[in-house]
Amino acid sequence: MYDGDRSPIYDILCQTESGEKIIVEMQNREHPNFKERMLYYAAEALTRQGERGTEWAYDIKAVYLIAFTNFLISGYDGELRIDVRLKTDDGRLFTDRLRMICLQMPCFEKQVDDCNSQFERWIYVLKNMETLNRMPWAAKNSVFQRLAEIAEVSAMTREERAKYDSALKRYRDTLNSLQGAEAKGLAEGMAKGIAKGRAEGRAEVARRMKQRGMTAEEIADITGLTAEEIQGL
């Protein structure tokens, strides 16, 4: 990754046997342009399927983007699921090659005993993964048993752990770069503010000294201001 690179970093990118792409994004903090980000990520996965040459006939495979957000998207308060497809104005499906689904986790308030469907159980598990002492329904469903097994990093194989560590390192490097740039900007801003404050403070001192009748040479010697600066006060 280089400065200015806009290549997306997916949380999870899967491919079915038929070549369809499934992108899973987990967003914990609110993002001002998250809808545009979803569209950009999905569009990237579509355009990267392009092939060189004249024989390719735009035979792109479908891209599905599933986003889990820990915040509410503006205009969709109270909606757990936002389903986006490309349709014409009269409601007809234009193409099935792109679909985006956003699941707003704050809208899901059911407790473990209130979950009646597999969908609700999956959402409950994902929302409460960090606080669960045991995986609910694990004894009833082999899918949840498998989820309980792979939830712990220690259960990964050597190859899985290597991929996990590599992805985690890339994420942390990106995060550190962003934090470094933010810290640098903050430091520069503070330095400029301090310098400006000092200059204004010296000017105020020089102004008072001038009002008391001190000569320009005396003021310059004490404050470090030039004769032109003192004259302009």
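## A walk through the predicted model

Start with the whole chain in cartoon view: the protein has six helices and five strands. This is a predicted model, so keep that in mind as you click along. Follow the ribbon from the N terminus and you will meet the elements in the order β-β-α-β-β-β-α-α-α-α-α.

Next, switch on the surface. About 17300 Å² of the protein is accessible, and carbon and sulfur atoms account for 50% of that area. Of the 233 residues, 23% count as buried.

Now go inside. Select M38 and L65: within the largest nonpolar core, which has 16 residues, these two touch the most other members. To see where this core comes from, colour α1 (34–47), β3 (63–69) and β5 (93–104), the elements that each give two or more residues to it. The biggest contribution is from α1, with six residues.

Which residues are in contact with L65, leaving aside its neighbours within four places in sequence? Show side chains for I23, M38, Y41, A42, R99, M100 and I101, and you have the list.

Then move on to another core, which lies apart from the largest one and holds nine residues. Select F68, M105, I123 and Y124, which are among them. As background for both stops, nonpolar side chains in soluble globular proteins tend to be buried together.

To finish, zoom back out and draw the contacts across the protein. Taking those between residues at least 6 apart in sequence, 45% join residues at least 24 apart.

Note on methods
Residues are numbered from 1 along each chain as its sequence is written. This is a predicted model: local features need pLDDT of at least 70, side-chain atom pairs count only at pLDDT 80 or more; totals for chains, interfaces and linings use all residues. Side-chain values use heavy atoms; hydrogens and water are left out. Helices (H or I, at least four residues) and strands (E, at least two) are DSSP runs, numbered from the N terminus. Buried means under 20% relative accessible area, exposed over 50%, partly exposed in between (1.4 Å probe, protein chains only). Contact means heavy atoms within 4.5 Å. Accessible areas come from the Shrake-Rupley method with a 1.4 Å probe; for residues, only the protein chains shown count as cover. A nonpolar core is a set of buried Ala, Val, Leu, Ile, Met, Phe, Trp, Tyr and Cys residues joined through side-chain atoms within 4.5 Å.
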